[in-house]
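Grab the structure and work through these exercises with me. Each one sets a task and then solves it in small steps.

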Amino acid sequence: MDSIVVRRSGELRGTIPIAGAKNTCLKLMGAALLSEEPLTLTNVPRLSDVRTLTQLLESLGVEVAPLAEGQTLVLSAADLTSTTADYEIVRKLRASFNVLGPLIGRTGEAVVSLPGGCAIGARKVDFHIAGLEAMGATVELRDGYVHARGDLKGAEIEFPFASVGATENVMCAAVLARGTTVIRNAAREPDTKALADCLIAMGADIEGAGTSEIVVRGVDRLHGTTHRVITDRIELGTYMIAPAIAGGSVELLGGRRDLVGALCDKMEEAGIGIEETEAGLRVTHAGGPVRSVDVTTAPFPGFPTDLQAQMMALMVFAEGTSVLEETIFENRFMHAPELIRMGADIDVSGGTARVTGVDGLRGAPVMATDLRASFSLILAGLRAEGETRVARVYHLDRGYERVVQKLSGVGATIERVRDDG
Ligand code: EPZ
């Protein structure tokens, strides 16, 4: 396994290119199942999650042709050979569960392994299943798999919580269903809107994506299209916090404020400068204290849970005490004990973390536990005295490409090393 070693870095200066969105790309790849014609995706991030989902789609009979060193994928689902998404792949990539909707929408049946929980929470899928049942599917949970079957028809569905995955699974199932589906309390994430934009380009009839009410009128078939994957708002937000911690001025190429509005508001409240440029967003912290701010995670347009760990790494160095409320997942403070090992003053109680700023941290060997937590440790290491060694960086490879190149490109002292044995 590899580790990433980061040392206290001076001010960061330069530009960081932001890649295509991991979570959106994974759902767009699943949408290819809905058409016999090829779906071409550009600006695809080069991540292990994309490679894992490619394996799953190929096991269903989808031909996936990578072009431009993997930044373009041509997915052809003309002749599906299976409707079963195997546990061996789904367990590695929970997002695989989102082939359920397109698969049953296209073929009338799907057998998909239950994704199970993960480090950050139970990750239930009851809303997904309830939505499909409302559309007339019969769904059985057997041997760890969801067995869904049915000739879907439009339905009115209201989610108890604005679930991203459930909204996207049901939306994909509805595009070829007979009649009209209304999804209320739908997720409003830009990722969900981007998925709808792609489906519309393929011939789907969808209104209201990006709002809490999405209306899908079923059509007979979808055709192919070429779609550019939207900028990754979580990668964008993650790298925005690097100059806020280390100081300096960094331009994030491809960044857009509307993708990270809640983060920008909180960073500006903390005293960080953010400006929109021709090529993206520029983040500047010209020294001086960072003010502590309180953050509560919430569905979009609220503060993203996927940026909570990274914001905590900033608050560790802030003046005063900040209160971080994690409302989306049950166990998403695993980065806190690792930051405490570096000298942070954090008190976690249930879904609340109280962070009291300290003058400095000391580098230490720390452990990555999940995708976003692992990056928060790297961010803290940019300012900690000495060396911070983050082990198990395979977590990082799932969602961030070329981390060492991107951060060293703006002056960070960072390298990737192979662990002995
Ligand atoms: C997506 O997960 C993202 N993953 C997550 O990103 C992100 O944190 C999350 O949305 C929230 O924005 C992908 O898109 C692949 P949810 P998802 O359904 O769809 C509960 C990352 O780091 N829930 O909005 O699973 C669930 O338990 C990852 O990139 C039910 O109870 O999120 C959770 O507590 C982490 N029943 C909450 O809702 C359901 O049927 C949010 O889940 C579905 C969800």
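**Exercise 1. An open sheet**

In which sense do β20 and strand β21 pair, and over how many bridges? Once you have that, find the strands at the edges of their sheet.

Solution. One thing up front: this is a predicted model.

Step 1. Strand β21 covers residues 352–356, and its pairing with β20 is antiparallel, over 5 bridges.

Step 2. For one matching pair, look at Ser 349, which sits opposite Thr 352 of β21.

Step 3. Now zoom out: the sheet is open, has 4 strands in the order β18-β19-β21-β20, and its pairing is mixed. β18 (295–296) and β20 (345–349) each have a single partner strand, so each has one side without a neighbour in the sheet, and these two are the edges.

**Exercise 2. Two antiparallel pairs around β9**

Work out which strands pair with β9 in the antiparallel sense, looking at β7 and β8.

Solution. Step 1. Start with β7 (residues 109–113): this strand runs antiparallel to β9 (residues 145–149), with 5 bridges. Ala 110 faces Ala 148 of β9 here.

Step 2. Next take β8 (residues 138–142), which also pairs antiparallel with β9, over 5 bridges. Leu 141 has Val 146 in β9 as its bridge partner.

Step 3. Check the turn: the β8 and β9 hairpin has 2 residues between its strands, and Asp 143 there has a positive phi near 55°.

**Exercise 3. Helix against helix**

Decide how α8 and α12 are oriented to each other, then do it again for α4 and α6.

Solution. Step 1. The recipe is simple: two packed helices are described by the angle between their axes and the distance between the axes.

Step 2. For α8 and α12, the angle is about 20° and the axes are 9 Å apart. Angles under 35 degrees count as roughly parallel, and α8 and α12 are therefore roughly parallel to each other. Their crossing is right-handed.

Step 3. Who touches whom? From α8 come Ile 234, Thr 238, Tyr 239, Ile 241, Ala 242 and Ile 245, and they meet Arg 372, Phe 375, Leu 379 and Ala 380 of α12. Sorted by type, the residues of this contact are 8 nonpolar, 1 polar and 1 charged.

Step 4. Repeat for α4 (residues 100–107) and α6 (residues 164–174): the axes come within 7 Å and cross at roughly 15°. α4 and α6 are therefore roughly parallel to each other too, and α4 passes α6 in a right-handed crossing.

Step 5. On the α4 side you'll find Leu 100, Gly 101, Pro 102, Ile 104 and Gly 105, which meet Asn 169, Cys 172 and Ala 173 of α6. This contact splits into 5 nonpolar, 3 polar and no charged residues.

**Exercise 4. Burial**

How many residues of helix α12 are buried? Then ask whether Ala 309 is buried or exposed.

Solution. Step 1. Helix α12 (residues 371–381) is mostly covered, with 11 of its 11 residues buried. Among them are Arg 372, Ala 373, Ser 374 and Ser 376.

Step 2. Ala 309 belongs to helix α10 (residues 308–315). Its relative accessibility is 5% and the cut-off for burial is under 20%, so Ala 309 counts as buried.

Step 3. Leaving out residues up to four places away in sequence, Ala 309 touches His 335, Arg 372, Ala 373 and Ser 376. The C-alpha atoms of Ala 309 and Ser 374 are 8.7 Å apart, with their positions 65 residues apart along the chain.

Step 4. Try helix α9 (residues 261–269) as well: Ala 262, Leu 263, Cys 264 and Met 267 are its buried residues. They pack against α8 (233–246), β16 (273–276), β17 (280–285) and α10.

**Exercise 5. Odd backbone spots**

Which two residues does a cis peptide bond join, and where does Ala 68 lie?

Solution. Step 1. Keep the background in mind: most residues other than glycine have a negative phi, and most peptide bonds are trans.

Step 2. The cis bond links Phe 300 and Pro 301, with omega about 10°. Pro 301 is in the loop between β18 and α10.

Step 3. Ala 68 isn't a glycine, yet has a positive phi of about 50°; its place is the loop between β4 (63–67) and β5 (72–76).

Step 4. Asn 43 also has a positive phi, near 60°, and lies in the loop between β3 (39–42) and α2. Asn 43 counts as buried, at 13% relative accessibility.

Methods: Residues numbered from 1 in each chain as written. Predicted model: local features only at pLDDT ≥ 70, side-chain atom pairs only at ≥ 80, totals over all residues. Heavy atoms only, no water. Pairing = 2+ DSSP bridges. Buried < 20%, exposed > 50% of the residue type's maximum accessible area, 1.4 Å probe, protein only. Contact = heavy atoms within 4.5 Å. Axes fitted to C-alpha atoms, helices over the stretch in contact; angles between N-to-C directions. Parallel < 35°, antiparallel > 145°, perpendicular 65-115°, else oblique. Left-handed = near helix turned anticlockwise from the far one by under 90°. Nonpolar A, V, L, I, M, F, W, Y, C, P; charged D, E, K, R; others polar.
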